[in-house]
Amino acid sequence: MLQGSRANKITSMRRGLVSMHNCQHYYKGREITMILNKKIIPSLVAIISIAGISACSIQNVPATYTLNTKNSRLEVVKKRGKLICGVSGKNIGFSYINSKGEYKGFDVDICRAVATAIFNDRKKVEFRNVSTQERFNALASGEIDLLASTTTWTLSRDADMKVSFAPISFYDGQGLMARRDLGIDRLEDLEDKTICVLFGTTSLLNLSDRLREKGINYIQLAIGDVNRLYQAYQEGRCEAISIDKSQLVARRQRFIEPQNHIIFKDTLSKEPLAPAVIDGDTVWFDVVRWSIFTLIQAEEFGITSSNIDRFTTTADPAIMRFLGKSNSLGKNLGLTNDFAPRIVKQVGNYGEIYDRNIAPLGLDRGVNELWTNGGLMYSPPFR
Ligand SMILES: N[C@@H](CCC(=O)N[C@@H](CS)C(=O)NCC(=O)O)C(=O)O
């Protein structure tokens, strides 16, 4: 008869094994797919219990494992002493320069979160404005370390442009805006109208897809700079303008007479906006994506920049791990173990960043809510 906790351990292992017939295991670094049947389970349970390891929680990272950051951009950034972040710089709510000459916005805060993870200093970022057409080259050439510029994650950008997309930080959709006095507010009303779009964007491609599909003829006026795009629209060189909805809402607020412009109810596309890094540098990619997951996970835990100190005495093991008190999660990323609380303290959680930058535009959280509130924001576990 097995005693107390050991018996429980084996029973729970047995349950685990029965439920994981196709589970993948790692043995001496080699991957083995085990197809288990009920006959071999008892002997496996015995072997595993003797070896003192529990199935599927096996973390077969050698004890001597050290992360090799030598050829990673993480080292370049650390040596340089600051992060270089590519942003639009002309995008209200996301990245723009305020009256004091400071960069502000949602994308700017994403850059600050990554800088804080590395340097424990949200100010250690240099922002560079990149246009929609230049942005992928700026990453590929190494001119910027990180691109945070309302960039839509698409397959061709992922595959052809030498970039990898970090987690989606904002779910957007493409919209259309027109002058109210034209009396148009549906796609069908766009026949023979001139529509302003920005070069190098998904907006240009989606518009063409959607209107062609509906057999609507229109004239495209494509412009290479976002400020000139809105100028063309306001000068009446086009009857409508099409771009990400969040940007239409933000820009319209700044018009002299916002009420004279109508944003169509139609949403033309999915625009999952995600920060991006160069392909093939998994060390750097991991730093960026776990910095973003930190923002989401902090909100899920209810940890904010103002209440974080109250969690220092927490007994919750998941929060202890998140705060870097009981593991080496940060160290294994090439950071310090307290990278997550650093970010939350200096930049806030996802909700705080949203409230600071996006809520003032009048945009509800919608699908950008946490999954626990019916939205799509979801972080993998910090374990
Ligand atoms: N999400 C779309 C549209 C992005 C977009 O329109 N970005 C504008 C926003 S204002 C921008 O950053 N433009 C910078 C510029 O061209 O100067 C995409 O990734 O293609």
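**Stop 1: helix α12**

Start by selecting residues 339–347, helix α12, in this predicted model. Most of the helix is covered, with seven of its nine residues buried. Colour F339, A340, P341, R342, I343, V344 and V347 to see the buried ones. What lies on top of them? Bring up α4, α10, α11 (317–322) and α13, which are among the elements covering the buried residues of α12. Before leaving, click on G348, which follows α12 and has a positive phi near 100°.

**Stop 2: helix α4**

Now pick one of those covering helices, α4, at residues 106–119. Try a distance check between its end C-alpha atoms: they are 20 Å apart, which agrees with the 20 Å that 14 residues should span at 1.5 Å a residue. Is α4 mostly covered or mostly open? It is mostly covered, as 13 of its 14 residues are buried. Step on to N120, just past α4, and you'll find a positive phi near 55°.

**Stop 3: helix α10**

Next, select residues 282–301 for α10. At 1.5 Å a residue, the 20 residues of this helix should span 28 Å, and the 27 Å between its end C-alpha atoms agrees with that. Of the 20 residues in α10, 16 are buried, so the rest of the structure largely encloses this helix. Just after α10 comes G302, with a positive phi of about 80°.

**Stop 4: the nonpolar cores**

Stay in the interior and show L83, C85, C111, V114, L146 and V277 as sticks. These six touch the most other members of the largest nonpolar core, which holds 64 residues. Which element gives this core its largest share? That's α10, with 11 residues. Apart from this core lies another, of 22 residues, including M177, L211, C238 and I241.

For a close-up, centre on L146. Leaving out residues up to four places away in sequence, L146 touches L83, C85, G86, C111, V114, P275, V277 and V288. In soluble globular proteins, nonpolar side chains tend to be buried together.

**Stop 5: the ligand**

Zoom to the ligand and show what surrounds it. How many residues surround the ligand? There are 20, and the closest are S88, N91, S131, T152 and T201. The elements giving two or more residues to this shell are β4 (90–91), α7 (202–213), β13 (240–244) and β15 (270–273). Colour the shell by residue type and you'll get four nonpolar, 12 polar and four charged residues.

Now colour by domain. Why does the ligand lie between domain 2 and domain 3? Both domain 2 (73–169 + 274–373) and domain 3 (177–267) give residues to the shell, so the ligand sits between them.

**Stop 6: G175 in strand β10**

Select G175, which belongs to strand β10, residues 170–179. G175 counts as buried, because it has 23 C-beta neighbours inside 10 Å. Leaving aside neighbours within four places in sequence, the contacts of G175 are S242, K245, L248, I263, F264 and T267. Add a distance line from G175 to I241: these residues are 66 apart along the chain, and their C-alpha atoms are separated by 8.4 Å.

**Stop 7: I358, after α13**

Jump to I358, in the segment after α13 (350–357). I358 has 21 C-beta neighbours inside 10 Å, so this residue is buried. Apart from neighbours within four places in sequence, I358 contacts G93, F106 and L363. For a long reach along the chain, look at S246: it is 112 residues from I358 in sequence, yet their C-alpha atoms are 8.4 Å apart.

**Stop 8: two positive phi angles**

Two residues here have a positive phi although neither is a glycine. T150, with phi of about 35°, is in the loop between β8 (146–147) and α6 (155–160). K162, with phi of about 60°, is found in the loop between α6 and β9 (163–165). Buried or partly exposed? T150 has 27 C-beta neighbours inside 10 Å and so is buried, whereas K162 has 16 and so counts as partly exposed.

**Last stop: the whole chain**

Zoom out to the full cartoon. The chain's secondary structure comes to 13 helices and 16 strands. Of its 383 residues, 38% are buried. Among contacts between residues at least 6 apart in sequence, 73% join residues at least 24 apart.

Notes:
Residues numbered from 1 in each chain as written. Predicted model: local features only at pLDDT ≥ 70, side-chain atom pairs only at ≥ 80, totals over all residues. Near = placed C-beta within 6 Å. Helix = DSSP H or I, 4+ residues; strand = E, 2+ residues; numbered from the N terminus. Nonpolar A, V, L, I, M, F, W, Y, C, P; charged D, E, K, R; others polar. Domains from an automatic or database assignment. Expected span 1.5 Å × (residues − 1). Buried ≥ 20, exposed ≤ 12 C-beta atoms within 10 Å, placed from the backbone. Core = buried A, V, L, I, M, F, W, Y, C linked by C-beta atoms within 7 Å. Contact = placed C-beta atoms within 7 Å.
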